[in-house]
Amino acid sequence: MPWLAIPFSDLQAKKSLTQRFRIEGIPSLVIVDPSGVPIQTEGVDLIYKYGIQAFPFTPERISELEEEEKAKHASQTLENLISSHGRDYLINQIGEQVPVSELVGKTVGLYFSASCPPCEKFTPRLASVYHSLKQKNESFEIIYISIDRDESGYLKCFQSMLWLALPFGDETVKSLLKYFNVQGIPTLIIIGPDGKTVTREGRNLVNLHLELAYPFTEAQISLLQERLDEEAKSYPRSFHHIGHRHILNLVSASSGGGPFICCECDEQGSGWAYQCIDCGYEIHPKCVKELEIGGDEENTVRTEDQLRA
Ligand SMILES: [Zn+2]
Ligand SMILES: [Zn+2]
């Protein structure tokens, strides 16, 4: 680091600063104004989002930047997102150029991905959703936005996809990462037929609803959510899942549930879940392993009531 430091041995200063600013995780960057008053506690996010532009980090400067950002998003079109530096095309699986203009008016998924295990797991799922939407002739396309460092990783990933891609190493990638504040992969951002962002939760929605999530609009998602809530009425309140030694309890967003990573399939989830509060173990209702009662004792699914009986 090209700046100053508190001596390593000064544990007292470290402790009191940590307490004073209620630091719970790192990296953490607190900005203090010239008079010593802390003005920003989310410095890391601000640097991610705005870089040098965030200086001098005053609330006025940040709201100025937020206004600029809002205006940018309000005037967003697919073409001004994707085309740049004189490139107005994408490439398809056989290396041909496809004009960006051909995608205008469609629902488009921006798929930020690379050759990494979570992406390799999610891509086949997305591919099957893509395939079935294409079979239904839906006006849907996906663009692979690679953050692979080397071209061989890029090619390997792209081979497993059925859709279009930005060329390898394209400069637009960096600005898209920043613009959408992408902090992890895989990320799927859905752009509507009008060129505006529909949702940044594409990955989660694909995991939850597969192709039924299409066109990913709020109306469609609340319809599916109502259906899930209806279905959940018939779920057992607790479950003895074969993958966990404690009883799991059914939770929803309004009863202790929230966004989670499923311990069974390693994918994101939200809303309804089976949870062991003691262990922090949480899984999708669809990932509960149900085996026939009366089978092998080790692999038998039992509800809490049955256990009591
Ligand atoms: Zn799962
Ligand atoms: Zn447990």
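Is C279 buried, partly exposed or exposed? C279 is partly exposed because its relative accessible area is 39%, where buried means under 20%, exposed over 50% and partly exposed in between (1.4 Å probe, protein chains only).

The model is predicted: local features need pLDDT of at least 70, side-chain atom pairs count only at pLDDT 80 or more, and totals for chains, interfaces and linings use all residues. Residues are numbered from 1 along each chain as its sequence is written, chains are lettered from A and ligands numbered from 1 in the order in which they are written, and side-chain values use heavy atoms, with hydrogens and water left out.

C279 serves as a donor to the zinc ion (ligand 2), together with H244 (NE2), H246 (ND1) and C276 (SG); C279 contributes its SG atom, and these protein donors lie 2.0 to 2.3 Å from the ion. Donors here are N, O and S atoms within 2.8 Å of the metal (3.2 Å for Na, K and Ca); water is not among the atoms, so sites may look incomplete. The arrangement is tetrahedral because the four donor atoms subtend angles of 101 to 115°, the criterion for four donors being that all angles lie between 85 and 135 degrees. The ideal angle for four tetrahedral donors is 109.5 degrees. Along the sequence, the donor residues of this ion are spaced H-x1-H-x29-C-x2-C.

The zinc ion (ligand 1) has as protein donors C262 (SG), C265 (SG), H284 (ND1) and C287 (SG), at 2.0 to 2.3 Å. Its site is also tetrahedral, with angles of 101 to 118° among the four donor atoms. The spacing of these donors along the chain is C-x2-C-x18-H-x2-C. Both H284 and C287 are buried; C287 is so classed because its relative accessible area is 11%. The structure contains zero disulfides, a disulfide being a pair of cysteine sulfur atoms within 2.5 Å.

Turning to the overall organisation, the domain assignment, which is automatic or from a database, gives domain 1 (11-74), domain 2 (78-223) and domain 3 (235-308). The contact between domain 1 and domain 2 (heavy atoms within 4.5 Å) takes seven residues from domain 1 and six residues from domain 2. The C-alpha centres of these two domains lie 31 Å apart. Between them, about 630 Å² is buried, with carbon and sulfur atoms giving 48%; buried area is the accessible area (1.4 Å probe) that two parts lose on being put together, summed over both. On the side of domain 1, Y48, K49 and H73 lose the most area to domain 2, together 66% of what that side buries.

Conventions:
Four donors count as tetrahedral if all angles lie between 85 and 135 degrees; four count as square planar and six as octahedral if opposite donors are over 155 degrees apart and all others between 65 and 115; anything else is irregular.
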